[in-house]
Amino acid sequence: MSVVTVQLGQCGNQIGQEVFNAICSDIHGTHGLCSKKENESYGDACKERFFREEESEVPIARAVLVDMEPKVISQMLSVAAKSGCWKYDDQSHFCQKQGSGNNWANGYSVHGPRHKEAIMNLIQKEAEKCDRLGGFFTIMSMAGGTGSGLGAFVSQCLRDAFPSSFILNHVIWPYGTGEVIVQNYNSVLTLSHLYQSSDALLVHENDVIHKICAQRMNIKQISFRDVNQVIAHQLGSVFQPTYTTEGGLHYSRNPLGDLMDTLVPHPEFKMLGLRNIPQMPENSLAYSTFSWPGLIKHLRQMLIANAKMEEGIQQQVQPLSLGPSIPSGRSRNKPLHFNTSIANLVVLRGKDMHSADLGGFQDPSLYTSWLNPQDAFNAWKTPRAFNKYEKSASLVSNSQFLLKPLDSVVGKAWNMFASKAYIHQYTKFGIEEEDFLDSFTALEQVISSYTIL
């Protein structure tokens, strides 16, 4: 099944381009470390998902590019075409001359309705070119105006136009120190609206990726491109083809559907976090060896201690062992900083992946009491290595990963709202105080639901 990617705003378009780059370099890489037959079926499954091949020899990305300014889109079209590996369809983009000025209301209430028909026509055309449509993958920032405001509007339109298709929103969480003064307003409005239209929200935090660039990749002067490449690598590590059943003979055909089945058992819980190890500079790879027990031990501790990367993991945070005298559920006193999960997915790529013991992820004490741990944990595997790493492991988790950042954003936005700061910037485009209150209420409910796991 094919996935249509919708790239929204500057951030969404720049990350989207890096994602297709990462996928393409993975297909064409000589580092598959598996049989020729395995490599071919992997490449075919990947192309069906993300590209279409027409008269031109070069695969065309199944993507629609949307921005309210032309500069970034024209750059992305040109960079992709120059790569020689893949390109965008020349007709599948929409841009205007004037941006949204970092104003969510401008993107949502003005640009959205004004350009709805043109944007949805492009998406409809791209969807019709899929033999079997698996769903939509939207990429956007939460802080600005176009990605967040127009992105929230387009997601609602997608839900109306394709009620039975899966929609996964990939959302970039802004730097805590601030990118724009109203980023917390924009974030609250975006998240509350996406929660209504989306099947799941996959979140990357800029602060975390920045740290990975500095501490794991040893990059001295970090650019947005460096950050985007790390994000693209992590996304590729989950969305490239895998076997979703033990001993499966065919690569999974429905990446979005499988992801939702695995990780979103209840519509109240839609926030997904992603971790991927190892991550290191290319010139260090030759001197590094990885074992499955080591990678899996690290990944499990990252989950338990809510660590964002391999460095500085709190080893002392451990689950309580459930003895016969300890009832499951809220009555156990969870250790401080313990990260309770609803559902987890581990993706293993590389040789001997069947020898990896994942029993530690099926420990009932990691999960909420109302789900059977056997249902709450899944593993996807492939012997084919991913992007130069002979062995790699990714974790997609529906857990309390994002509770702290979410609480912080809502708190900061509420403090501004209480003093009516910048509200007039939104009311002039039709977003009233009542809309803000509805968004705060919706997110307080999400925070409350995750807190009591």
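## A tour starting at lysine 97

Select lysine 97 to begin: once its neighbours within four places in sequence are left aside, this residue is in contact with Met68 and Pro70. Bear in mind throughout that what you have open is a predicted model.

Keep lysine 97 selected and look at the backbone around it, where you will find the residue in the loop that runs between strand 5 (93-95) and helix 4 (104-128). Is lysine 97 buried or exposed? Its relative accessibility is 77%, and because residues over 50% are called exposed, lysine 97 counts as exposed. Now add arginine 216 to the selection and draw a distance between the two C-alpha atoms: the residues are 119 apart along the chain, and the C-alpha atoms of lysine 97 and arginine 216 are separated by 39 Å.

Next, move to serine 155, whose place is in helix 5, made up of residues 146-161. Here the relative accessible area is 1%, and since the limit for buried is under 20%, serine 155 is buried. To see what surrounds serine 155, show the side chains of Thr138, Met140, Ile167, Asn169, Leu194 and Ser197, which serine 155 touches when residues up to four places away in sequence are not counted.

With these two residues visited, zoom out and colour the chain by domain, using residues 2-273 for domain 1, the two segments 282-311 and 339-401 for domain 2, and 404-452 for domain 3. How far apart are the centres of domain 2 and domain 3? Taken over C-alpha atoms, these centres are separated by 34 Å.

Switch to a cartoon view of the whole protein, in which 15 helices and 12 strands can be picked out. Along the principal axes, the C-alpha atoms fill a box of roughly 60 × 60 × 45 Å. A compact globule of 453 residues would have a radius of gyration near 22 Å, and the protein, with 21 Å, agrees with that expectation. Of the 453 residues, 59% are buried, and among contacts between residues at least 6 apart in sequence, 81% join residues that are at least 24 apart.

Finally, turn on the surface, of which the protein exposes about 18,700 Å², with carbon and sulfur atoms supplying 50% of that area. If you then colour the charged side chains, you will have 39 positive and 43 negative ones on display, and the centres of the two sets lie 4 Å apart.

Notes. Residues are numbered from 1 along each chain as its sequence is written. This is a predicted model: local features need pLDDT of at least 70, side-chain atom pairs count only at pLDDT 80 or more; totals for chains, interfaces and linings use all residues. Side-chain values use heavy atoms; hydrogens and water are left out. Domain bounds come from an automatic or database domain assignment. Helices (H or I, at least four residues) and strands (E, at least two) are DSSP runs, numbered from the N terminus. The radius of gyration is taken over C-alpha atoms; the globule rule is 2.2 Å times the number of residues to the power 0.38. Buried means under 20% relative accessible area, exposed over 50%, partly exposed in between (1.4 Å probe, protein chains only). Contact means heavy atoms within 4.5 Å. Accessible areas come from the Shrake-Rupley method with a 1.4 Å probe; for residues, only the protein chains shown count as cover. Lys and Arg count as positive and Asp and Glu as negative; His and the chain ends are not counted. The place of a charge is taken as NZ of Lys, CZ of Arg, CG of Asp or CD of Glu.
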